Amino acid sequence: YVLHEAKRYAEALEVNLPLLAEGERLHGSDSDNLRGLITNIAQNLHALGRKAEADPYLQRAIVLARGSGKVWNEQLLLFQRGVLAFELGRYDEARRFMRERIDLVVKNNRKDLIEPARDDLAILEDKIRRGVK
């Protein structure tokens, strides 16, 4: 995390990948203890311009958040997947993630998150309509 914040993305990834392997060995591959690290790896890849490689890590982090019932984390990861899909030009997929996020926060009665999630979908739709990346 510190290396990423220092914009040393390649070094961060170089540290995080073996750390993930060790974390999987210690905690098991389906442990929510790994979610933050997995998210960091996705962010490292994104920052390095390897966006398509980041998506499977975000997907895995969502599965872990769902398994632990952490709605706040899951909705944030759905947002990140939506943004990534948009950046990759996969607009229908981006919309799907943003709508899934709205459905999740509504279903879980997270009133604090409903309006921001709807606003983010509106921003996405506006960017798609205007052709803004």
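## Loop residues with positive phi

In this predicted model, lysine 7 occupies the loop between α1 (2-5) and α2 (9-27). Although lysine 7 is not a glycine, its phi is positive, at about 65°. The residue counts as exposed, with a relative accessibility of 61%.

A second loop, between α6 (91-107) and α7 (111-130), holds asparagine 109. Here too a residue other than glycine has a positive phi, in this case near 55°. Asparagine 109 has a relative accessible area of 48% and is therefore partly exposed, since the partly exposed class ends at 50%.

## Packing of α5 against α6

Helices α5 and α6 pack with their axes 7 Å apart, at an angle of about 165°. An angle over 145 degrees counts as roughly antiparallel, so α5 is roughly antiparallel to α6. The crossing of this pair is left-handed.

On the α5 side, the contact is made by Val71, Glu74, Gln75, Leu78, Phe79, Arg81, Gly82, Val83, Ala85 and Phe86. The α6 side contributes Tyr91, Glu93, Ala94, Phe97, Met98, Glu100, Arg101, Leu104 and Val105. By class, the residues of this contact comprise 12 nonpolar, 2 polar and 5 charged.

## Two buried residues of the α5/α6 contact

Glutamate 74, a residue of helix α5, counts as buried, with a relative accessibility of 8%. Apart from neighbours within four places in sequence, glutamate 74 is in contact with Ile62, Ala65, Arg66 and Leu104. Of these partners, Leu104 is among the α6 residues listed for the contact with α5.

Methionine 98 belongs to helix α6 and is buried, its relative accessible area being 3%. Outside the four nearest places in sequence, methionine 98 is in contact with Phe79, Gly82, Val83, Leu121 and Leu124. Among these, Phe79, Gly82 and Val83 are α5 residues of the helix contact. The C-alpha atom of methionine 98 is separated by 10.0 Å from that of leucine 76, which is 22 residues away along the chain.

## Packing of α3 against α5

Helix α5 (residues 71-87) also meets helix α3 (residues 35-47); the two axes come within 13 Å and cross at roughly 20°. The helices are therefore roughly parallel to each other, and α3 passes α5 in a left-handed crossing.

Helix α3 enters the contact through Arg35, Thr39, Gln43 and His46, while α5 supplies Asn73, Leu77, Gln80, Leu84 and Glu87. The residues involved divide into 2 nonpolar, 5 polar and 2 charged.

## The nonpolar core

The largest nonpolar core contains 32 residues, of which Leu20, Ile38, Ile41, Leu77 and Leu124 touch the most other members. Two or more residues of this core come from each of α2, α3, α4 (51-68), α5, α6 and α7. Leu77 appears again in the contact between α3 and α5.

Which residues does leucine 124 contact, leaving aside its neighbours within four places in sequence? The partners of leucine 124 are Phe86, Ala94, Arg95 and Met98. Phe86 belongs to the α5 side of the contact between α5 and α6, and Ala94 and Met98 belong to its α6 side.

Key:
Residues numbered from 1 in each chain as written. Predicted model: local features only at pLDDT ≥ 70, side-chain atom pairs only at ≥ 80, totals over all residues. Heavy atoms only, no water. Axes fitted to C-alpha atoms, helices over the stretch in contact; angles between N-to-C directions. Helix = DSSP H or I, 4+ residues; strand = E, 2+ residues; numbered from the N terminus. Parallel < 35°, antiparallel > 145°, perpendicular 65-115°, else oblique. Left-handed = near helix turned anticlockwise from the far one by under 90°. Contact = heavy atoms within 4.5 Å. Nonpolar A, V, L, I, M, F, W, Y, C, P; charged D, E, K, R; others polar. Buried < 20%, exposed > 50% of the residue type's maximum accessible area, 1.4 Å probe, protein only. Core = buried A, V, L, I, M, F, W, Y, C linked by side-chain atoms within 4.5 Å.
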